[in-house]
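Okay, everyone, thanks for coming. Let me put the structure up, and then we'll walk through it piece by piece.

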Amino acid sequence: MTPAYLLKRLLMVAYTLLVVSLLVFGITQLLPADAAVTILGQSATPEALEALRTRLGLDQPAWWQYAQWLGGVVQGDFGTSMRNGLPVGGTLAEALGRSLVLAACSLALMLMVAIPLGVVAAVRRGRPSDLVVSALSYVGVSLPEFVTATLLLLLFADVWNLLPATGYVSLSEDFVGGVRHLILPTLTVSLIMVAHVSRMVRSELVDVLHTDYIRAARLKGLSRRRVLLRHALRNGLLPTITIVALDIGYLLGGIVVVEEIFAIPGIGRELISAVNARDLPVIQAGVMILAATYCLVNFLADLAYAYLDRRIQYA
Amino acid sequence: MTGPVLEIERYTLDYQTGRSTLRVLDDISLDISAGEVVGLVGESGSGKSSLAWAIMRHLAGNARERGGQLRLDGEDLRGLSSSRLQALRGSRLAMIFQDPSAALNPTLSIGEQVAEVLVRHQGLSLREAWARGVALLGGVELKSPEAMMRRYPHELSGGEKQRVLISTAFACRPRCLIFDEPTTALDVISAAQILALFTRLREETGVSALYISHDLALVSRVADRVAILERGRLVESAPAATIFSAPAHEYTRRLVSAVPDPARRLIDQPPASATALLEIHKLGVSYGRPGFVDRLFGRASETTQALRELTMTLSPAEVVGVVGESGSGKSSLAKALVGLTPFAGEIRFEGRVLSNAAGMNRAYRRQVQMVFQHPDASLNPRQRIGEQLARPLRLYGLAPGESEKHAVARWLEEVRLPAEFASRYPHELSGGQKQRVAIARAFAARPALVICDEITAALDVSVQATVIELLLELRKRHGTAYLFITHDLNLVRQIAHRIAVMYRGDLVEMIDAATLDARGASHPYTRALLEAVPRPLRGHPAPSSLQGTP
Amino acid sequence: MPDSLKRLLRSPQGMIGAVILLACLVLVLLGPWLAPYDHQALSITERYRPPGAEHWLGTDQLGRDIASRILVGARATILLSLLATGLAMLIGAMLGTACAYLGGRFDEVMMRTMDALMSIPSLLFALLIVSTLGKSGMNAVLAITVSFIPGMVRIARSVALAQRRQDYVGAAIARGESSLWIVSRELLPNIAAPIIVEATIRVAFAIMLFATLSFLGLGAQPPAPEWGLMVAEARGYFFQAPWMMLMPGLAIALVAIGFNLLGDGLRDALNPRSGER
């Protein structure tokens with residue numbers, strides 16, 4: 001990996017985040033609502049509103065407000081919430097922590113299930129196990145998170161009464177309780193990704209199993225096991241890195257929905273309540289943070305790919 | 001060992017597609033004795049690769065064996081258990097593939113891929129196997145074998161990769177080897193080196209081999225005996241020395257007469273013309289531009305020079321051949337001439353000077369036409385043949401008194417295709433038919449020069465012969481000049497007046513085709529090329545079925 | 001086209017997908033007339049009826065017939081999703097083809113910008129837009145359209161780029177054809193098929209996204225019989241009457257499956273070379 005490649009990738013990330021920030025700021029500027037009214041309420045006096053506008057810089061031109069805001073963001077200052085006057089950064093950081101626990105669990109569960117499923121389907125192509133996996137994946141990709149969550153809640157929390165329905169318990173305070181509260185949200189978020197990723201793994205691996213070098217390996221007299229594990233799997237799973245990284249977008253979207261349904265105080269829930277209350281700084285910060293997470297994951301995935309695939313040292 | 005090493009006895013194979021079955025191999029019997037190399041020659045669809053897969057016991061899921069025996073050293077291959085089979089493959093029976101780049105795993109080191117065979121079949125430890133691997137790579141004349149073991153396939157050239165695969169195939173001292181077009185993907189000189197290596201190894205080890213190829217001339221040089229396969233049937237099996245001079249079967253005779261033979265010239269001398277049709281002056285083509293970060297790091301040399309200061313002229317009705325391996329710049333030349341790539345230098349056509357693609361006016365576009373290598377790609381898959389033939393007629397006008405429909409039918413007839421093809425789509429035609437359509441499309445513009453970029457490379461040799469015949473006939477009728485780009489030196493020596501030899505972007509030599517045998521070439525690369533091309537092994541000249549006059 | 005249709009119906013995915021979507025078409029066209037009850041009719045006595053002979057899919061907390069509501073709501077859910085995807089497809093195809101054909105600086109800036117847009121997950125993008133423009137069905141359509149455009153641009157560009165490198169385009173340029181002819185008559189027919197396939201699959205996502213937005217209270221507004229909204233409203237009565245949530249949820253899933261299957265079936269059927277030979 002050359003420094004030029006790294007620099008190129010980093011510049012791309014920076015450009016991406018710049019465009020995102022412009023977009024986020026631009027769209028929220030179009031809000032018909034007056035932030036000062038939102039904060040002080042309809043009954044505020046014109047003088048108070050004017051004073052607040054001056055204090056918030058709302059009387060300045062848009063580009064100046066953008067520069068101020070971006071300057072703050074770069075230093076980690078996302079402004080203060082319009083609803084409670086608390087710094088946005090601190091609140092969201094705490095919420096992000098909870099969301100990341102959920103994201104990490106979902107990602108891990110997804111990989112543990114999707115890869116074996118995809119491999120089995122590819123190796124047993126055209127046989128009943130393959131057909132079952134592919135039928136299930138059609139169902140999986142077609143179930144929105146809120147439907148999955150509903151079904152899971154119905155079964156586990158109502159019919160069988162095995163798990164708590166909603167709420168959040170910190171893992172550090174009550175580990176068992178925390179895990180019990182995490183199970184259903186994790187299942188919900190990972191299902192759609194399991195369906196998608198296992199399909200991708202299957203099709204990539206099927207392609208690899210039809211290449212000349214796999215044929216050559218088998219005709220060298222190598223065992224099926226070695227051909228699959230040593231020759232096919234690595235090449236078949238490499239593209240999965242990119243696919244999973246791109247799926248992070250779905251994952252983050254799914255987390256927003258699932259947090260809302262299961263009442264988990266994560267960044268998604270913060271965002272939705274901010275949208276409902278038109279709390280600008282929180283919306284801006286939340287979207288920026290999630291987009292940055294996506295960029296970071298994809299940046300790392302590119303590096304991992306370049307490192308693992310000998311053919312691509314720099315693109 | 002007395003009996004034959006490999007015995008194929010009355011072997012019959014079908015492919016099942018839906019409800020219908022297709023016979024791929026029909027009652028094949030063929031023996032290979034110890035130390036013997038048998039060439040198996042056939043065109044695409046003849047079933048030659050299927051026979052290789054059958055012997056290796058690696059048949060497709062829809063293959064149905066209808067009968068016959070396959071024996072290696074008397075042992076029945078069809079009845080082997082899968083564990084016996086695994087032990088046999090790669091040790092006593094090994095196979096070498098067409099494309100060495102595809103046959104090596106891109107993410108495993110060369111060393112691992114060589115050593116794993118030894119670990120598997122000879123029970124060596126990884127350390128011992130690695131040491132043996134180094135010796136094996138040295139044995140196939142690869143330089144610095146220790147370093148080579150640690151490299152990855154993409155770091156090797158095509159010839160080097162094929163050497164690695166050959167060393168792996170020979171690693172466990174096989175009784176019989178199967179070669180499936182092992183040099184087809186390589187350039188002429190690497191192919192000759194691979195063949196020389198095989199000849200040496202064969203003498204050293206006394207291995208038997210089945211050598212599958214479409215190239216009769218090459219096989220007649222490599223094999224002791226040649227078997228000819230036509231649509232699943234073995235029509236003839238004869239000593240390599242006599243297959244060209246005394247072909248017994250009618251199909252073999254046709255095949256033999258279709259093989260390009262430089263001794264048999266198919267073209268007359270061009271009409272002497274005072275004025276040149278096309279003059280190319282210091283033509284250069286380069287690809288790539290430095291990106292932002294590259295410039296930041298001061299690396300401006302990312303561009304590659306595909307063609308350097310090429311100068312040549314072409315007379316009306318002249319055929320100039322261009323030969324060279326891939327990357328020699330021959331395709332860049334073609335692209336520059338039809339304005340598909342930016343170029344430096346000048347093109348002078350009928351006295352008009354062009355210094356960029358924008359200067360190519362309608363008259364030039366009409367007069368200079370191009371036929372591409374793959375008709376699959378050069379014909380639009382979603383337009384009917386008639387629509388595609390009508391385009392040049394719409395752009396450049398019809399002959400007086402002729403309707404568009406008539407003109408399309410006439411051009412189809414000129415390339416000997418039925419007029420009803422006008423309403424078909426390209427995928428309904430065979431490869432040779434599609435290339436005829438592409439040729440008709442070029443001629444429909446009534447050009448003075450047609451650039452042919454490897455137009456027969458994707459075709460079978462008998463189809464190639466008919467396409468070449470057609471081209472020569474069209475030239476006679478319309479007085480067209482050709483720039484004929486190919487990697488096949490034998491072919492171009494039959495049909496070109498002059499041959500431009502290209503090497504890594506340079507025109508190294510312009511040779512006169514008629515007097516090449518007498519005078520010889522002057523540039524060392526040309527000499528190496530001439531030496532490397534396998535010419536048909538012939539006792540005396542065979543009767544020609546083509547119409548050209550020598 | 002009849003050939004492709006035959007091929008489509010011969011594959012199991014294509015067949016099942018086509019049947020499901022044909023049923024959807026009937027719902028969209030005739031839903032209100034097929035509905036056994038007035039979908040807005042309230043009835044205190046008929047509240048929380050489980051699925052049965054009288055009410056096939058049960059009734060909700062206000063005694064409205066769920067089957068009727070689903071039948072009537074099909075129009076909103078399916079048509080708006082189709083509209084959003086269709087708009088995204090048109091804009092994306094134009095931008096993507098332009099990128100591929102023009103190349104150079106324009107392409108680079110465009111693609112980097114699309115990358116940036118893609119880094120905002122589509123649901124968040126939709127949230128952002130709906131929060132700005134206000135909560136309504138049409139704003140949700142706009143949000144989905146905008147969030148789908150980058151993906152469509154990428155696909156259109158890569159397909160167009162692959163086709164642009166084909167020799168038939170080179171042949172057309174060498175022949176002296178105009179750019180307009182090359183793009184509209186040579187390139188477009190060849191890139192349309194893969195783009196339509198991609199768009200078909202994306203309709204499934206659009207349906208799910210639209211329902212999700214409604215579920216979060218940001219799309220269709222009560223008392224519209226939109227499926228996602230129905231699920232959201234039923235949440236409060238989850239333990240009493242789970243069918244209230246299940247039925248519209250399953251309807252969403254079924255339609256999404258239909259589009260996914262049809263897309264995969266079309267992918268094979270529209271390939272000109274997967275024909276007879």
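Let me start with a question: leaving aside its neighbours within four places in sequence, which residues is B:Gln388 in contact with? The list is B:Leu379, B:Asn380, B:Gln383, B:Pro426 and B:Arg441, where contact means heavy atoms within 4.5 Å.

Before I go on, some housekeeping. This is a predicted model, so local features need pLDDT of at least 70 and side-chain atom pairs count only at pLDDT 80 or more, while totals for chains, interfaces and linings use all residues. Residues are numbered from 1 along each chain as its sequence is written, chains are lettered from A and ligands numbered from 1 in the order in which they are written, and side-chain values use heavy atoms, with hydrogens and water left out.

Back to that glutamine. B:Gln388 sits in helix H16 of chain B, residues 385–396. Helices and strands here are DSSP runs, H or I of at least four residues for a helix and E of at least two for a strand, numbered from the N terminus. Why does B:Gln388 count as buried? Because its relative accessibility is 2%, and buried means under 20% relative accessible area, with exposed over 50% and partly exposed in between (1.4 Å probe, protein chains only). Its side chain has a polar atom 2.8 Å from the backbone oxygen of B:Asn380. For polar contacts, the rule is a pair of N or O atoms within 3.5 Å; within protein, one must be able to donate a hydrogen and the other to accept it, and residues adjacent in sequence count only if both atoms are side-chain atoms.

Staying in chain B, look at helix H1, residues 48–55. Seven of its eight residues are buried; among them are B:Leu51, B:Trp53 and B:Ile55. Just after H1(B), B:Arg57 takes a positive phi of about 55°.

Now the strands. Chain B has an open sheet of four strands, in the order S2-S1-S4-S5, with antiparallel pairing. Strands S2 (20–32) and S5 (75–76) stand at the edges with a single partner strand each, so one side of each has no neighbour in the sheet. We say that two strands pair if DSSP finds at least two bridges between them. S5(B) is joined by two bridges to strand S4 of chain B, residues 63–72, and the two run antiparallel. One of the partnerships is B:Leu72 with B:Glu75.

Further along, strand S11 of chain B (278–287) pairs antiparallel with strand S12 (304–314) over seven bridges, and B:Leu283 has B:Leu310 as its bridge partner. S11(B) also pairs antiparallel with strand S14 (344–349), over five bridges. There, B:Ile280 stands opposite B:Ile347.

What about chain A? Chain A has 12 helices and zero strands. Its C-alpha atoms fill a box of roughly 85 × 60 × 35 Å along the principal axes, and 46% of its 315 residues count as buried. Of the contacts in chain A with a separation of 6 or more, 74% are between residues 24 or more positions apart.

On to the interfaces. Between chain B and chain A, 29 residues of B are in contact with 25 of A. They bury about 2600 Å², 62% of it on carbon and sulfur atoms; buried area is the accessible area (1.4 Å probe) that two parts lose on being put together, summed over both. How many salt bridges cross between chain B and chain A? The rule finds four, counting a side-chain nitrogen of Lys or Arg within 4 Å of a carboxyl oxygen of Asp or Glu. One of them joins B:Glu112 and A:Arg226, at 3.0 Å, N to O.

Then chain A with chain C: 46 residues of A are in contact with 44 of C. The buried area is about 3900 Å², with 78% of it on carbon and sulfur atoms. The count here is one salt bridge, and A:Arg199 and C:Asp264 meet in a salt bridge at 2.4 Å, N to O. The rule also finds six residue pairs in polar contact across this interface, both at pLDDT 80 or more. On the side of chain A that touches chain C, the largest share, nine residues, comes from H1(A).

That's my tour, so over to you.
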